[in-house]
Amino acid sequence: MKKRVVVTGLGCITPVGHGKEEFWKSITEGRSGIGKITKFDAADFPTQIAAEVKDFKVEDYMEKKEAKRMDLFVQYAVAGAKLAMEDSKIDAEKIDHEEFGVVLGSGIGGIATFEEQHRKMLEKGPGRISPFFIPMMIVNMASGQVSMSLGAKGPNTTVVTACASATNAIGEAFKIIERGDAKMMITGGTEASITPVSIGGFCAMKAMSTANDEPEKASRPFDNKRDGFVMGEGSGILLLEELDHALERGAEIYGEMAGYGMSADAYHITAPAPEGEGGKRAMLKALADGNTPPEAIDYINAHGTSTPYNDQFETMAIKSVFKDHVDNLAISSTKSMTGHLLGAAGGIEAIASVLAIKHGIIPPTINYEDPDEECDLNYTPNKAVKRNVNYALSNSLGFGGHNATIVFKKYQD
Amino acid sequence: MTFEKVKEIIVEQLGLEESQEIKKGTSLINDLEADSLDAVEIVMAIEDEFGIEIPDEEAENFKNIGDIVDYVEKVK
(Lines give C-alpha, C1' and ligand atoms only; values in the text may rest on other atoms or scores of the structure.)
Protein backbone atom coordinates (compact mmCIF):
# COMPACT_ATOMS: atom_id res chain seq x y z
CA MET A 1 0.00 0.00 0.00
CA LYS A 2 1.12 3.52 -0.73
CA LYS A 3 2.58 5.33 2.26
CA ARG A 4 1.18 8.73 3.18
CA VAL A 5 3.74 11.55 3.06
CA VAL A 6 3.66 14.74 5.12
CA VAL A 7 5.67 17.95 5.29
CA THR A 8 7.32 18.39 8.69
CA GLY A 9 10.18 20.85 8.18
CA LEU A 10 10.69 24.06 6.21
CA GLY A 11 13.92 25.96 5.58
CA CYS A 12 14.82 28.67 3.11
CA ILE A 13 17.35 31.31 2.13
CA THR A 14 15.54 33.87 -0.02
CA PRO A 15 15.75 37.44 -1.31
CA VAL A 16 12.98 38.35 1.16
CA GLY A 17 14.37 36.68 4.24
CA HIS A 18 15.90 33.53 5.70
CA GLY A 19 13.89 30.86 7.48
CA LYS A 20 10.16 30.26 7.14
CA GLU A 21 9.01 33.04 9.52
CA GLU A 22 10.84 35.88 7.81
CA PHE A 23 9.95 34.54 4.38
CA TRP A 24 6.25 34.17 5.19
CA LYS A 25 6.06 37.59 6.84
CA SER A 26 7.60 39.25 3.78
CA ILE A 27 5.44 37.55 1.19
CA THR A 28 2.20 38.11 3.08
CA GLU A 29 3.11 41.78 3.59
CA GLY A 30 3.80 42.15 -0.13
CA ARG A 31 7.46 43.07 0.23
CA SER A 32 9.68 42.98 -2.85
CA GLY A 33 13.20 41.57 -2.63
CA ILE A 34 14.28 43.08 -5.94
CA GLY A 35 16.91 45.79 -6.31
CA LYS A 36 19.95 46.86 -8.31
CA ILE A 37 22.53 44.11 -8.86
CA THR A 38 25.36 44.51 -6.33
CA LYS A 39 27.27 41.28 -6.98
CA PHE A 40 29.04 42.71 -10.04
CA ASP A 41 29.02 45.86 -12.12
CA ALA A 42 25.99 45.40 -14.37
CA ALA A 43 26.24 48.80 -16.08
CA ASP A 44 26.77 47.26 -19.53
CA PHE A 45 23.89 44.81 -19.25
CA PRO A 46 20.34 45.54 -20.49
CA THR A 47 19.06 44.11 -17.17
CA GLN A 48 20.67 45.63 -14.08
CA ILE A 49 18.29 44.33 -11.43
CA ALA A 50 17.85 41.06 -9.55
CA ALA A 51 16.45 39.62 -6.35
CA GLU A 52 19.68 39.04 -4.44
CA VAL A 53 19.90 37.25 -1.12
CA LYS A 54 20.85 39.75 1.59
CA ASP A 55 22.80 39.24 4.82
CA PHE A 56 23.70 35.62 4.22
CA LYS A 57 26.29 34.66 6.83
CA VAL A 58 27.60 31.28 5.76
CA GLU A 59 29.43 30.80 9.08
CA ASP A 60 26.04 30.60 10.81
CA TYR A 61 25.49 27.29 9.04
CA MET A 62 28.86 25.59 8.58
CA GLU A 63 32.59 25.70 9.22
CA LYS A 64 34.67 28.12 7.15
CA LYS A 65 36.63 25.21 5.77
CA GLU A 66 33.50 23.46 4.53
CA ALA A 67 32.12 26.66 3.00
CA LYS A 68 35.33 27.26 1.04
CA ARG A 69 34.76 24.04 -0.88
CA MET A 70 31.24 24.94 -1.91
CA ASP A 71 29.87 27.14 -4.62
CA LEU A 72 27.25 29.56 -3.34
CA PHE A 73 24.41 27.40 -4.69
CA VAL A 74 25.63 24.54 -2.48
CA GLN A 75 26.01 26.81 0.54
CA TYR A 76 22.40 27.94 0.10
CA ALA A 77 21.28 24.29 -0.09
CA VAL A 78 23.15 23.24 3.04
CA ALA A 79 21.91 26.30 4.95
CA GLY A 80 18.30 25.72 3.86
CA ALA A 81 18.52 22.01 4.71
CA LYS A 82 19.86 22.79 8.18
CA LEU A 83 17.04 25.27 8.76
CA ALA A 84 14.49 22.67 7.65
CA MET A 85 15.97 20.06 10.00
CA GLU A 86 15.97 22.52 12.88
CA ASP A 87 12.38 23.47 12.08
CA SER A 88 11.31 19.81 12.12
CA LYS A 89 12.71 19.41 15.67
CA ILE A 90 13.81 15.94 14.64
CA ASP A 91 16.41 14.31 16.87
CA ALA A 92 19.28 13.61 14.48
CA GLU A 93 20.70 11.06 16.93
CA LYS A 94 17.59 8.93 16.83
CA ILE A 95 16.91 8.65 13.12
CA ASP A 96 17.80 5.73 10.89
CA HIS A 97 20.27 7.39 8.54
CA GLU A 98 19.79 4.80 5.82
CA GLU A 99 16.08 5.69 5.70
CA PHE A 100 16.97 9.36 5.26
CA GLY A 101 17.56 10.68 1.71
CA VAL A 102 17.99 13.82 -0.35
CA VAL A 103 16.61 14.92 -3.71
CA LEU A 104 17.43 18.48 -4.73
CA GLY A 105 16.98 20.45 -7.90
CA SER A 106 19.10 23.18 -9.44
CA GLY A 107 18.78 24.62 -12.89
CA ILE A 108 22.30 25.88 -13.40
CA GLY A 109 24.67 24.71 -10.66
CA GLY A 110 28.00 26.34 -9.83
CA ILE A 111 28.23 28.91 -12.57
CA ALA A 112 30.07 31.48 -10.42
CA THR A 113 32.80 28.92 -9.84
CA PHE A 114 32.81 28.08 -13.53
CA GLU A 115 33.29 31.72 -14.53
CA GLU A 116 36.03 32.31 -11.97
CA GLN A 117 38.03 29.21 -12.91
CA HIS A 118 37.59 29.83 -16.62
CA ARG A 119 38.99 33.33 -16.11
CA LYS A 120 41.96 31.84 -14.23
CA MET A 121 42.65 29.42 -17.04
CA LEU A 122 42.63 32.21 -19.64
CA GLU A 123 44.82 34.48 -17.53
CA LYS A 124 47.28 32.02 -15.99
CA GLY A 125 46.98 28.78 -17.93
CA PRO A 126 45.38 25.38 -17.30
CA GLY A 127 47.79 24.61 -14.45
CA ARG A 128 46.04 27.16 -12.28
CA ILE A 129 42.58 25.58 -12.36
CA SER A 130 41.60 24.72 -8.80
CA PRO A 131 41.27 21.05 -7.84
CA PHE A 132 37.97 22.12 -6.30
CA PHE A 133 36.62 23.47 -9.59
CA ILE A 134 34.75 20.31 -10.57
CA PRO A 135 33.48 19.31 -7.10
CA MET A 136 32.24 22.87 -6.56
CA MET A 137 30.61 23.35 -9.94
CA ILE A 138 28.75 20.10 -10.68
CA VAL A 139 25.00 20.37 -10.11
CA ASN A 140 24.65 17.19 -8.03
CA MET A 141 27.01 18.54 -5.38
CA ALA A 142 24.13 20.26 -3.58
CA SER A 143 22.46 16.94 -2.78
CA GLY A 144 25.88 15.36 -2.21
CA GLN A 145 27.03 17.98 0.30
CA VAL A 146 23.65 18.03 2.07
CA SER A 147 23.88 14.26 2.54
CA MET A 148 27.35 14.71 4.06
CA SER A 149 26.34 17.48 6.42
CA LEU A 150 23.21 15.65 7.63
CA GLY A 151 24.49 12.07 7.47
CA ALA A 152 21.69 11.15 5.08
CA LYS A 153 22.69 7.76 3.69
CA GLY A 154 19.48 6.85 1.88
CA PRO A 155 18.30 7.60 -1.66
CA ASN A 156 20.11 10.59 -3.15
CA THR A 157 19.80 12.24 -6.52
CA THR A 158 19.54 15.56 -8.32
CA VAL A 159 16.97 16.86 -10.74
CA VAL A 160 17.88 19.34 -13.48
CA THR A 161 14.81 20.56 -15.35
CA ALA A 162 15.54 24.30 -15.49
CA CYS A 163 12.85 26.27 -13.67
CA ALA A 164 10.88 23.11 -12.89
CA SER A 165 13.83 21.50 -11.04
CA ALA A 166 12.69 21.99 -7.43
CA THR A 167 9.10 20.95 -8.08
CA ASN A 168 10.27 17.82 -9.88
CA ALA A 169 12.67 17.16 -6.98
CA ILE A 170 9.89 17.44 -4.40
CA GLY A 171 7.66 15.19 -6.49
CA GLU A 172 10.39 12.57 -6.82
CA ALA A 173 11.19 12.70 -3.08
CA PHE A 174 7.47 12.28 -2.34
CA LYS A 175 7.33 9.18 -4.54
CA ILE A 176 10.44 7.68 -2.89
CA ILE A 177 8.71 7.78 0.51
CA GLU A 178 5.33 6.81 -0.92
CA ARG A 179 6.74 3.57 -2.37
CA GLY A 180 8.58 2.77 0.86
CA ASP A 181 12.19 3.46 -0.16
CA ALA A 182 12.86 5.96 2.65
CA LYS A 183 11.14 7.44 5.70
CA MET A 184 12.51 10.98 5.50
CA MET A 185 13.61 13.05 2.52
CA ILE A 186 15.22 16.48 2.37
CA THR A 187 14.06 18.04 -0.87
CA GLY A 188 13.57 21.28 -2.79
CA GLY A 189 15.90 23.40 -4.87
CA THR A 190 18.80 25.79 -4.83
CA GLU A 191 20.23 28.38 -7.21
CA ALA A 192 22.92 31.08 -7.23
CA SER A 193 23.24 32.31 -10.77
CA ILE A 194 23.31 36.08 -10.48
CA THR A 195 26.63 36.23 -12.33
CA PRO A 196 27.76 38.17 -15.41
CA VAL A 197 27.64 35.28 -17.88
CA SER A 198 24.34 33.97 -16.59
CA ILE A 199 22.61 37.37 -16.52
CA GLY A 200 24.13 38.09 -19.93
CA GLY A 201 22.78 34.83 -21.30
CA PHE A 202 19.23 35.47 -20.12
CA CYS A 203 19.50 39.06 -21.41
CA ALA A 204 20.46 37.72 -24.83
CA MET A 205 17.24 35.69 -24.82
CA LYS A 206 15.34 38.87 -23.95
CA ALA A 207 13.69 36.87 -21.19
CA MET A 208 14.31 39.33 -18.35
CA SER A 209 12.70 42.59 -17.33
CA THR A 210 14.63 45.74 -18.14
CA ALA A 211 12.65 47.93 -15.73
CA ASN A 212 15.94 49.03 -14.16
CA ASP A 213 14.58 52.30 -12.80
CA GLU A 214 11.85 50.68 -10.74
CA PRO A 215 13.31 47.39 -9.48
CA GLU A 216 10.53 46.73 -6.98
CA LYS A 217 7.94 47.01 -9.73
CA ALA A 218 9.82 44.98 -12.32
CA SER A 219 8.31 41.59 -11.50
CA ARG A 220 4.61 42.01 -12.34
CA PRO A 221 3.11 38.62 -13.17
CA PHE A 222 -0.18 38.68 -15.11
CA ASP A 223 -0.08 42.49 -15.34
CA ASN A 224 -0.41 44.05 -18.77
CA LYS A 225 2.94 45.86 -18.47
CA ARG A 226 4.98 42.77 -17.59
CA ASP A 227 8.19 42.65 -19.64
CA GLY A 228 10.11 39.60 -18.43
CA PHE A 229 11.23 37.83 -15.29
CA VAL A 230 13.63 39.09 -12.64
CA MET A 231 16.31 36.63 -11.56
CA GLY A 232 16.38 35.60 -7.92
CA GLU A 233 18.61 33.28 -5.92
CA GLY A 234 18.51 31.17 -2.78
CA SER A 235 17.10 27.85 -1.67
CA GLY A 236 13.76 26.43 -0.61
CA ILE A 237 14.02 23.13 1.28
CA LEU A 238 11.38 20.84 2.80
CA LEU A 239 11.60 17.81 5.01
CA LEU A 240 9.12 15.20 3.83
CA GLU A 241 8.32 12.35 6.16
CA GLU A 242 6.34 9.16 6.06
CA LEU A 243 3.16 9.82 8.07
CA ASP A 244 3.60 7.10 10.73
CA HIS A 245 7.21 8.13 11.27
CA ALA A 246 6.10 11.72 11.82
CA LEU A 247 3.26 10.73 14.16
CA GLU A 248 5.50 8.46 16.24
CA ARG A 249 7.83 11.32 17.08
CA GLY A 250 5.00 13.79 17.60
CA ALA A 251 6.06 16.04 14.72
CA GLU A 252 4.24 19.21 13.79
CA ILE A 253 2.65 18.50 10.40
CA TYR A 254 2.34 21.40 7.97
CA GLY A 255 0.42 19.52 5.33
CA GLU A 256 0.24 16.32 3.33
CA MET A 257 1.53 15.60 -0.16
CA ALA A 258 -1.53 14.96 -2.32
CA GLY A 259 -0.16 14.47 -5.81
CA TYR A 260 2.61 14.92 -8.33
CA GLY A 261 2.42 15.17 -12.08
CA MET A 262 4.80 16.04 -14.87
CA SER A 263 4.83 16.31 -18.62
CA ALA A 264 6.90 17.54 -21.54
CA ASP A 265 5.76 20.04 -24.15
CA ALA A 266 7.86 18.33 -26.85
CA TYR A 267 7.53 21.60 -28.67
CA HIS A 268 10.29 24.25 -28.36
CA ILE A 269 13.50 24.89 -26.37
CA THR A 270 12.17 27.96 -24.59
CA ALA A 271 8.64 28.85 -25.73
CA PRO A 272 5.73 27.16 -23.97
CA ALA A 273 3.44 24.98 -26.08
CA PRO A 274 0.37 26.75 -27.48
CA GLU A 275 -2.38 27.31 -24.91
CA GLY A 276 -0.11 25.85 -22.24
CA GLU A 277 -1.20 22.34 -23.13
CA GLY A 278 1.88 20.78 -21.48
CA GLY A 279 1.27 22.62 -18.22
CA LYS A 280 -2.35 21.56 -18.40
CA ARG A 281 -1.39 17.89 -18.62
CA ALA A 282 1.01 18.20 -15.66
CA MET A 283 -1.80 19.67 -13.53
CA LEU A 284 -4.24 16.97 -14.60
CA LYS A 285 -1.72 14.25 -13.78
CA ALA A 286 -1.01 15.71 -10.35
CA LEU A 287 -4.74 15.84 -9.59
CA ALA A 288 -5.27 12.29 -10.85
CA ASP A 289 -2.27 11.05 -8.83
CA GLY A 290 -4.05 11.88 -5.57
CA ASN A 291 -7.61 11.31 -6.85
CA THR A 292 -8.18 14.99 -6.20
CA PRO A 293 -11.16 16.50 -8.01
CA PRO A 294 -10.26 19.88 -9.58
CA GLU A 295 -13.04 21.47 -7.52
CA ALA A 296 -11.11 20.65 -4.33
CA ILE A 297 -8.29 23.10 -5.14
CA ASP A 298 -8.50 26.42 -3.27
CA TYR A 299 -5.15 28.00 -4.07
CA ILE A 300 -2.71 27.86 -6.98
CA ASN A 301 0.79 29.15 -6.50
CA ALA A 302 1.35 29.85 -10.18
CA HIS A 303 4.63 29.64 -12.03
CA GLY A 304 3.75 33.24 -13.03
CA THR A 305 7.16 34.42 -14.16
CA SER A 306 6.12 37.86 -15.45
CA THR A 307 7.11 37.01 -19.01
CA PRO A 308 4.42 37.82 -21.59
CA TYR A 309 4.12 34.20 -22.82
CA ASN A 310 4.30 32.26 -19.58
CA ASP A 311 1.57 34.15 -17.80
CA GLN A 312 -0.82 34.09 -20.73
CA PHE A 313 -0.33 30.38 -21.45
CA GLU A 314 -0.41 29.34 -17.81
CA THR A 315 -3.71 31.20 -17.47
CA MET A 316 -5.09 29.26 -20.46
CA ALA A 317 -3.87 25.98 -18.95
CA ILE A 318 -5.50 26.74 -15.60
CA LYS A 319 -8.78 27.60 -17.32
CA SER A 320 -8.81 24.38 -19.29
CA VAL A 321 -8.11 22.26 -16.19
CA PHE A 322 -10.51 23.96 -13.79
CA LYS A 323 -13.32 25.01 -16.14
CA ASP A 324 -16.22 26.46 -14.08
CA HIS A 325 -14.28 26.15 -10.83
CA VAL A 326 -11.73 28.67 -12.10
CA ASP A 327 -13.65 31.61 -10.62
CA ASN A 328 -13.46 30.06 -7.14
CA LEU A 329 -9.69 29.76 -7.24
CA ALA A 330 -7.28 32.06 -5.50
CA ILE A 331 -4.15 32.27 -7.65
CA SER A 332 -0.96 34.17 -6.96
CA SER A 333 2.60 34.46 -8.16
CA THR A 334 4.97 35.02 -5.26
CA LYS A 335 7.67 35.68 -7.89
CA SER A 336 6.27 39.21 -7.92
CA MET A 337 8.17 39.60 -4.63
CA THR A 338 10.92 36.98 -4.61
CA GLY A 339 11.92 37.21 -8.25
CA HIS A 340 12.42 33.97 -10.14
CA LEU A 341 14.74 31.60 -8.31
CA LEU A 342 14.95 29.32 -11.37
CA GLY A 343 15.80 25.83 -10.10
CA ALA A 344 14.94 26.86 -6.52
CA ALA A 345 11.64 28.54 -7.39
CA GLY A 346 9.52 25.45 -6.82
CA GLY A 347 11.14 25.00 -3.39
CA ILE A 348 10.17 28.36 -1.93
CA GLU A 349 6.81 28.19 -3.69
CA ALA A 350 6.10 24.81 -2.11
CA ILE A 351 6.85 26.44 1.25
CA ALA A 352 4.46 29.30 0.39
CA SER A 353 1.81 26.73 -0.58
CA VAL A 354 2.00 24.69 2.63
CA LEU A 355 2.08 27.84 4.76
CA ALA A 356 -1.02 29.09 2.93
CA ILE A 357 -2.72 25.87 4.08
CA LYS A 358 -1.38 26.17 7.61
CA HIS A 359 -2.22 29.85 8.14
CA GLY A 360 -5.29 30.21 5.91
CA ILE A 361 -3.73 33.16 4.11
CA ILE A 362 -3.10 33.60 0.38
CA PRO A 363 0.04 35.61 -0.37
CA PRO A 364 -0.56 38.26 -3.03
CA THR A 365 0.67 38.99 -6.54
CA ILE A 366 2.14 42.45 -6.10
CA ASN A 367 2.49 45.04 -8.87
CA TYR A 368 -0.79 43.96 -10.35
CA GLU A 369 -2.07 47.29 -11.61
CA ASP A 370 -3.09 47.12 -15.22
CA PRO A 371 -5.14 44.02 -16.11
CA ASP A 372 -4.35 42.15 -19.30
CA GLU A 373 -7.47 40.90 -21.06
CA GLU A 374 -5.72 37.60 -21.77
CA CYS A 375 -5.08 37.11 -18.05
CA ASP A 376 -8.46 37.49 -16.40
CA LEU A 377 -8.38 35.28 -13.29
CA ASN A 378 -8.25 36.09 -9.59
CA TYR A 379 -4.52 36.60 -9.03
CA THR A 380 -4.91 37.89 -5.45
CA PRO A 381 -3.85 41.40 -6.46
CA ASN A 382 -1.49 43.34 -4.21
CA LYS A 383 -2.84 42.34 -0.79
CA ALA A 384 -2.85 39.00 1.01
CA VAL A 385 -6.28 37.47 1.51
CA LYS A 386 -7.59 35.36 4.39
CA ARG A 387 -9.10 32.15 3.15
CA ASN A 388 -9.32 28.61 4.42
CA VAL A 389 -7.13 26.48 2.17
CA ASN A 390 -7.67 22.72 2.12
CA TYR A 391 -5.80 22.07 -1.10
CA ALA A 392 -2.98 24.06 -2.73
CA LEU A 393 -1.37 23.37 -6.09
CA SER A 394 2.02 24.64 -7.23
CA ASN A 395 3.17 24.80 -10.86
CA SER A 396 6.70 25.01 -12.23
CA LEU A 397 7.47 25.16 -15.93
CA GLY A 398 10.99 25.00 -17.31
CA PHE A 399 12.95 25.67 -20.49
CA GLY A 400 13.16 22.46 -22.44
CA GLY A 401 9.40 22.13 -22.09
CA HIS A 402 9.44 20.58 -18.59
CA ASN A 403 6.21 20.94 -16.65
CA ALA A 404 5.83 19.87 -13.03
CA THR A 405 2.93 20.21 -10.60
CA ILE A 406 2.61 19.22 -6.96
CA VAL A 407 -0.49 19.29 -4.77
CA PHE A 408 -0.59 19.69 -0.99
CA LYS A 409 -3.57 19.21 1.28
CA LYS A 410 -4.43 19.95 4.87
CA TYR A 411 -3.45 17.02 7.07
CA GLN A 412 -6.39 15.12 8.59
CA ASP A 413 -6.25 11.72 10.31
CA MET B 1 60.25 34.82 6.13
CA THR B 2 59.36 31.74 4.13
CA PHE B 3 57.83 29.76 7.01
CA GLU B 4 55.47 32.58 7.99
CA LYS B 5 54.32 33.04 4.41
CA VAL B 6 53.76 29.31 3.90
CA LYS B 7 51.84 29.16 7.17
CA GLU B 8 49.67 32.09 6.08
CA ILE B 9 48.84 30.33 2.80
CA ILE B 10 47.92 27.11 4.59
CA VAL B 11 45.69 28.91 7.09
CA GLU B 12 43.96 30.71 4.23
CA GLN B 13 43.56 27.68 1.97
CA LEU B 14 42.30 25.37 4.69
CA GLY B 15 40.08 28.00 6.29
CA LEU B 16 41.83 27.49 9.65
CA GLU B 17 41.57 29.70 12.70
CA GLU B 18 44.49 32.12 13.20
CA SER B 19 45.12 30.46 16.56
CA GLN B 20 45.77 27.06 14.93
CA GLU B 21 49.18 25.78 15.99
CA ILE B 22 51.38 25.20 12.96
CA LYS B 23 55.01 24.16 13.29
CA LYS B 24 57.62 22.84 10.90
CA GLY B 25 56.78 19.31 11.94
CA THR B 26 53.04 19.74 11.35
CA SER B 27 51.61 17.39 8.72
CA LEU B 28 48.99 18.77 6.34
CA ILE B 29 47.16 15.47 6.08
CA ASN B 30 47.57 13.98 9.56
CA ASP B 31 47.44 17.10 11.71
CA LEU B 32 45.41 19.61 9.69
CA GLU B 33 43.01 17.12 8.07
CA ALA B 34 43.79 18.30 4.56
CA ASP B 35 42.88 15.95 1.73
CA SER B 36 44.66 15.39 -1.57
CA LEU B 37 42.69 18.20 -3.24
CA ASP B 38 43.65 20.67 -0.49
CA ALA B 39 47.28 19.66 -0.96
CA VAL B 40 47.13 20.41 -4.69
CA GLU B 41 45.59 23.80 -4.04
CA ILE B 42 48.16 24.69 -1.37
CA VAL B 43 51.03 23.78 -3.69
CA MET B 44 49.50 26.01 -6.39
CA ALA B 45 49.17 28.93 -4.02
CA ILE B 46 52.78 28.52 -2.90
CA GLU B 47 53.96 28.40 -6.51
CA ASP B 48 52.09 31.65 -7.19
CA GLU B 49 53.36 33.34 -4.06
CA PHE B 50 57.05 32.54 -4.59
CA GLY B 51 57.03 32.49 -8.39
CA ILE B 52 58.35 28.93 -8.52
CA GLU B 53 57.33 25.60 -10.02
CA ILE B 54 56.99 22.58 -7.77
CA PRO B 55 56.97 19.38 -9.86
CA ASP B 56 54.44 16.73 -8.75
CA GLU B 57 57.30 14.30 -7.94
CA GLU B 58 58.67 16.81 -5.42
CA ALA B 59 55.28 17.68 -3.95
CA GLU B 60 54.58 14.00 -3.32
CA ASN B 61 57.61 13.82 -1.03
CA PHE B 62 56.50 16.59 1.31
CA LYS B 63 55.84 14.99 4.71
CA ASN B 64 55.33 18.16 6.71
CA ILE B 65 55.39 21.95 6.53
CA GLY B 66 59.14 21.96 7.13
CA ASP B 67 59.67 19.98 3.91
CA ILE B 68 57.69 22.57 1.95
CA VAL B 69 59.61 25.47 3.49
CA ASP B 70 62.98 23.79 2.84
CA TYR B 71 62.07 23.16 -0.78
CA VAL B 72 60.92 26.73 -1.33
CA GLU B 73 64.12 28.13 0.23
CA LYS B 74 66.20 25.84 -1.95
CA VAL B 75 64.67 26.83 -5.30
CA LYS B 76 63.52 30.42 -4.93
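**Exercise 1. Locate Ser333(A) in this predicted model and decide whether it is buried or exposed.**

Solution. We begin with the position along the chain: Ser333(A) lies in the loop that connects strand S11 (330-332) with helix H13 (335-338) of chain A. The next step is to count the surroundings, and because 32 C-beta neighbours fall inside 10 Å, Ser333(A) counts as buried; the cut-off for this label is 20 or more. We then ask which residues supply contacts once the neighbours within four places in sequence are left aside, and these are Pro221(A), Phe222(A), Ala302(A), Gly304(A) and Thr365(A). Finally, a comparison of sequence and space can be made with Thr380(A), which is 47 residues apart from Ser333(A) in sequence, while their C-alpha atoms are 8.7 Å apart.

**Exercise 2. Describe the overall build of chain A, and explain whether its radius of gyration agrees with that of a compact globule.**

Solution. Taking the elements first, chain A has 14 helices and 15 strands. Its C-alpha trace spans about 65 × 55 × 40 Å along the principal axes. For 413 residues, a compact globule would have a radius of gyration near 22 Å, and chain A has 20 Å, so the value agrees with that expectation. Burial can be added to this picture, since 60% of the 413 residues of chain A count as buried. As a last step, consider the contacts with a separation of 6 or more in chain A: 80% of them come from residues 24 or more positions apart.

**Exercise 3. Find which residues of helix H1 (19-29) of chain A are buried, and which elements they pack against.**

Solution. Going along H1(A), the buried residues are Lys20(A), Phe23(A), Trp24(A), Ser26(A), Ile27(A) and Thr28(A). The buried residues of H1(A) pack against both strands and helices: the strands are S1 (5-14), S2 (17-18) and S12 (361-362), and the helices are H3 (72-88), H13 and H14 (345-359), each of them in chain A. Just after H1(A) comes Gly30(A), which takes a positive phi of about 75°.

**Exercise 4. Explain why strand S1 of chain A is described as largely enclosed, and work out which strands it pairs with.**

Solution. The first part rests on a count: S1(A) is largely enclosed by the rest of the structure because 10 of its 10 residues are buried. For the second part, we take the partners one at a time.

- With strand S8 (residues 234-242) of chain A, S1(A) pairs in the antiparallel sense over 8 bridges, and here Leu10(A) stands opposite Leu238(A).
- With strand S9 (residues 255-264) of chain A, the pairing is again antiparallel, over 2 bridges, and Val6(A) stands opposite Glu256(A).
- With S2(A), the pairing is antiparallel over 2 bridges, and Thr14(A) has Gly17(A) as its bridge partner; S1(A) and S2(A) form a hairpin with 2 residues between them.

**Exercise 5. Assign the residues of strand S14 (391-398) of chain A to its two faces, and then name the strands joined to it.**

Solution. A general rule helps at the start: in a regular strand, side chains alternate between the two faces of the sheet. In S14(A), one side carries Tyr391(A), Leu393(A), Asn395(A) and Leu397(A), the other carries Ala392(A), Ser394(A), Ser396(A) and Gly398(A), and both faces are covered. This fits the count of 8 buried residues out of 8, which leaves the strand mostly covered.

Turning to the partners, strand S10 (residues 299-301) of chain A runs parallel to S14(A) and is joined to it by 3 bridges, with Tyr299(A) and Ala392(A) as bridge partners. Strand S15 (residues 402-409) of chain A runs antiparallel to S14(A) and is joined to it by 8 bridges, and in this pair Asn395(A) stands opposite Thr405(A). The hairpin of S14(A) and S15(A) has 3 residues between the strands, and within it Gly400(A) takes a positive phi near 95°.

**Exercise 6. State how many residues of chains A and B are in contact, and report the confidence of the prediction.**

Solution. At the interface, 7 residues of chain A are in contact with 6 residues of chain B. The chain A side of this contact divides into 2 nonpolar, 1 polar and 4 charged residues. As for confidence, the model scores ipTM 0.88 and pTM 0.96, and chain B averages a pLDDT of 93, with 100% of its residues scoring at least 70. Within chain B, confidence is lowest in helix H3 (residues 56-59), at a mean of 92, and highest in helix H4 (residues 65-75), at 95.

Notes: Residues are numbered from 1 along each chain as its sequence is written. Chains are lettered from A and ligands numbered from 1 in the order in which they are written. Helices (H or I, at least four residues) and strands (E, at least two) are DSSP runs, numbered from the N terminus. A residue is buried if 20 or more other C-beta atoms lie within 10 Å of its own, exposed if 12 or fewer, and partly exposed in between; C-beta atoms are placed from the backbone. Two residues are in contact if their C-beta atoms, placed from the backbone, lie within 7 Å. The radius of gyration is taken over C-alpha atoms; the globule rule is 2.2 Å times the number of residues to the power 0.38. pLDDT is the predictor's confidence in each residue, from 0 to 100. Ala, Val, Leu, Ile, Met, Phe, Trp, Tyr, Cys and Pro count as nonpolar, Asp, Glu, Lys and Arg as charged, and the others, Gly among them, as polar. Two strands pair if DSSP finds at least two bridges between them.
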